[in-house]
Amino acid sequence: MKLSMPRFDQAQVLVVGDVMLDRYWHGGTSRISPEAPVPVVKVEQKEDRPGGAANVALNIAALGAGVSLTGLVGKDEAAVALSETLSAAQVHSDFQVIESHPTITKLRVISRHQQLIRMDFEDSFSPADAQSLSARAQQLLQAGIGAMILSDYAKGALDDPQPLIQAARSAGIPVLVDPKGTDFSRYNGATLLTPNLHEFETIVGPCANEEELVSKGEQLMQAHNLQALLVTRGEQGMTLLRPNEPELHLPARAREVFDVTGAGDTVISVLAASLAAGEPLPQAVALANLAASIVVAKLGTAAISAPELRRAVQAEKGSERGVLSLEQLQIALQDARAHGEKVVFTNGCFDILHPGHAGYLEQARALGDRLVVAVNGDDSISRLKGPGRPINPVESRMSLLSKLESVDWVISFDTDTPEELLEALRPDILAKGGDYDKQSVVGWEIVEGYGGEVNVLTLFDNFSTTAIVEKVLDKNQ
């Protein structure tokens with residue numbers, strides 16, 4: 001399936017559910033307590049992260065989508081910590097404060113990258129609290145919301161989700177549910193449910209094979225008027241089911257699993273943001289599967305950023321390095337800059353690739369982190385060099401350049417100069433090899449005009465494409 005990055009900046013998602021604060025205490029362990037056979041951890045670092053529905057919202061914001069979050073919190077320090085962290089991440093939080101209850105908090109003690117113990121601080125919220133939250137959430141279902149997530153951790157915030165589901169469906173807003181419990185009738189009419197395999201089999205019974213899983217999934221969708229069902233299956237990947245559509249099985253990605261905490265939040269976050277951005281459901285599921293492979297390689301509850309996901313998508317498309325179109329290259333450069341990488345640009349005919357070219361390109365690459373090589377097209381070379389040139393067509397020249405270790409990306413241009421490319425790509429450094437001064441390098445005014453740098457590299461003696469061509473012609477006369 002062909003993957004692409006959605007326009008997350010045009011998406012708006014509402015998240016409703018059980019809001020939590022995940023606390024991590026990190027420290028070294030070197031002895032066993034004399035009081036009990038347990039390790040003694042000397043706490044050296046404390047870290048707070050949004051959890052539950054708050055982590056879902058954080059994931060959506062990290063993708064660059066707009067997100068609003070509502071849930072139940074206490075009037076305490078944990079709620080303040082949550083609000084401050086979410087606000088800094090551009091999450092619009094509209095909490096229902098219940099003074100008689102604490103904000104749900106999970107404290108994990110970590111030593112040497114291993115979780116030793118988890119302590120939960122919580123009291124379940126009442127049905128009246130949930131009704132109040134539902135009314136508040138319905139007020140947030142305004143024009144522009146492209147999807148709503150119900151993030152249910154069975155803590156009471158979504159005691160009765162039906163009013164919310166019906167309100168969203170009436171407004172034409174898809175409803176995605178991360179379900180809990182043994183009664184999925186609570187989610188009747190939802191657009192998509194995302195149970196893991198254990199949760200799914202708790203409802204429908206054990207599935208001995210794929211055929212049984214599909215059959216029972218179809219029955220579940222029909223019983224609860226669901227438009228789709230996504231069963232996440234750990235090392236077996238994911239299965240997407242839709243009424244009257246063939247099932248879609250996506251294998252798990254071959255990555256080391258370090259910590260599955262928050263993986264379900266990542267899946268539903270990417271799904272909702274992608275649907276809100278206009279992606280079809282199968283493509284949204286494929287993106288969510290890719291994102292899950294990234295988050296399980298991280299410790300603890302973690303958000304997936306847009307640059308991380310974009311880089312993974314590019315790797316899937318095989319465009320991490322090589323010959324690219326202008327649109328592909330602009331995306332690749334956006335990702336490189338998001339990772340703090342400096343982009344170097346150079347250009348030339350490269351009609352017959354020789355050691356002089358290789359040495360000059362290695363110099364250019366050493367100036368930054370990524371090297372773009374722009375190659376004159378065949379018509380352009382004919383105008384510049386005269387009849388009989390180029391010797392090699394542009395496809396062959398670009399293919400050979402892309403094989404060099406120093407070269408990241410190769411693109412062609414048909415104009416006589418690369419000025420249009422420089423305007424479109426805006427590299428950090430324009431490099432040129434040969435007997436030039438800065439003012440004779442084509443495009444130097446453009447690059448310095450936006451704050452870039454122009455660098456003239458060493459001329460490699462005894463190597464010249466023109467000289468090589470003339471030598472060959474002399475021998476053949």
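**Exercise 1.** List the residues that Ile 60 is in contact with, leaving aside its neighbours within four places in sequence.

*Solution.* Note beforehand that the model is predicted, that local features need pLDDT of at least 70, that side-chain atom pairs count only at pLDDT 80 or more, and that totals for chains, interfaces and linings use all residues. Residues are numbered from 1 along each chain as its sequence is written, and side-chain values use heavy atoms, with hydrogens and water left out. Taking contact as heavy atoms within 4.5 Å, one finds Val 13, Val 15, Ala 65, Gly 66, Val 67, Ile 149, Ser 269 and Ala 273 around Ile 60.

**Exercise 2.** Place Ile 60 in the largest nonpolar core, and state which helix gives the most to this core.

*Solution.* A nonpolar core is a set of buried (under 20% relative accessible area, 1.4 Å probe, protein chains only) Ala, Val, Leu, Ile, Met, Phe, Trp, Tyr and Cys residues joined through side-chain atoms within 4.5 Å. The largest one has 59 residues, and Ile 60 is among those with the most contacts inside it, as are Val 15, Leu 69, Ile 149, Leu 271 and Leu 309. Helix α8 (residues 281-295), a DSSP run of H or I with at least four residues, gives the most to this core, with 11 residues.

**Exercise 3.** Find the edge strands of the open sheet of nine strands.

*Solution.* Strands are DSSP runs of E with at least two residues, and two of them pair if DSSP finds at least two bridges between them. The order is β6-β4-β1-β10-β11-β12-β13-β14-β15, with mixed pairing. The edge strands are therefore β6 (92-93) and β15 (248-250), since each pairs on one side only. Strand β14 (residues 238-241) runs antiparallel to β15 and is joined to it by three bridges, with Met 238 opposite Leu 250.

Notes: Buried means under 20% relative accessible area, exposed over 50%, partly exposed in between (1.4 Å probe, protein chains only).
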